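Please look at the chain shown here and follow, step by step, how its parts are arranged. The explanation begins inside the fold and then works outward to the chain as a whole.

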Amino acid sequence: MPWFKVDDTLHSHPKPRKAGLAALGLWTLAGSYCMAYKEDGFVPDWFVSGWPQGRKLADVLVKRGMWEIGEKDGEPGWYFHDWLHYQPSADEIEQDRENARERQRRRRESLRKARAGEGDES
């Protein structure tokens, strides 16, 4: 499961300090959404507008340099500034998941062989 990574200096960086708690709350929830749905930092308008004062808070995030106005597949929204510098891409997430599935498949096969006595050469 991917995690939305937050820098441990967020509390003292000028951008979030100037954006304020409400805008930072939207930023954090949007980051969680982006990781859950592998959006590569794109936050759709419907997500933002579904929160009280969402568009106003998004404007604050743009003004403070934390988001950029954009679109994805014709859908309006915002992008996190430097998303791929700090977060894994959707492709990296899928590759990690595939690697984990393959490790688990090999482990289960090894356990099956051990139970069947196939691995015992004593």
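In this predicted model, the largest nonpolar core is made up of 23 residues, and those that touch the most other members are L26, W27, V43, V48, L61, W67 and F80. Several elements contribute to this core, since at least two of its residues come from each of α2 (21-36), α3 (45-49), α4 (54-63) and β3 (75-80). Helix α2 supplies the largest share, with 8 residues. As a general background, nonpolar side chains in soluble globular proteins tend to be buried together.

To see what such a core looks like from one of its members, take F80, which is among the residues that touch the most other core members. Which residues does F80 touch, if those up to four places away in sequence are not counted? Its partners are F4, W27, A30, G31, C34, G41, V43, M66 and W67, and among them W27, V43 and W67 are named beside F80 in the list of core residues with the most such contacts.

A second residue worth following is P16, which lies in helix α1, a helix that covers residues 14-19. Is P16 buried or exposed? P16 counts as buried because its relative accessible area is 6%, which is under the 20% that serves as the cut-off. Leaving aside residues up to four places away in sequence, P16 touches L10, L24 and M66, and M66 is also one of the partners of F80. Along the chain P16 and W27 are 11 residues apart, and their C-alpha atoms are separated by 9.4 Å.

With these details in place, the whole chain can be considered. The chain contains 6 helices and 3 strands, and read from the N terminus their order is α-α-β-α-α-β-β-α-α. Of contacts between residues at least 6 apart in sequence, 60% join residues that are at least 24 apart.

The overall dimensions can be compared with a simple expectation: a compact globule of 122 residues would have a radius of gyration near 14 Å, whereas this chain has 21 Å. Along the principal axes, the C-alpha atoms fill a box of roughly 70 × 35 × 25 Å. Of the 122 residues, 30% count as buried, and the accessible surface comes to about 8600 Å², with 52% of this area belonging to carbon and sulfur atoms. Finally, the chain carries 20 positive and 21 negative side chains, and the centres of these two sets lie 5 Å apart.

Note on methods
Residues are numbered from 1 along each chain as its sequence is written. This is a predicted model: local features need pLDDT of at least 70, side-chain atom pairs count only at pLDDT 80 or more; totals for chains, interfaces and linings use all residues. Side-chain values use heavy atoms; hydrogens and water are left out. Helices (H or I, at least four residues) and strands (E, at least two) are DSSP runs, numbered from the N terminus. The radius of gyration is taken over C-alpha atoms; the globule rule is 2.2 Å times the number of residues to the power 0.38. Buried means under 20% relative accessible area, exposed over 50%, partly exposed in between (1.4 Å probe, protein chains only). Contact means heavy atoms within 4.5 Å. Accessible areas come from the Shrake-Rupley method with a 1.4 Å probe; for residues, only the protein chains shown count as cover. Lys and Arg count as positive and Asp and Glu as negative; His and the chain ends are not counted. The place of a charge is taken as NZ of Lys, CZ of Arg, CG of Asp or CD of Glu. A nonpolar core is a set of buried Ala, Val, Leu, Ile, Met, Phe, Trp, Tyr and Cys residues joined through side-chain atoms within 4.5 Å.
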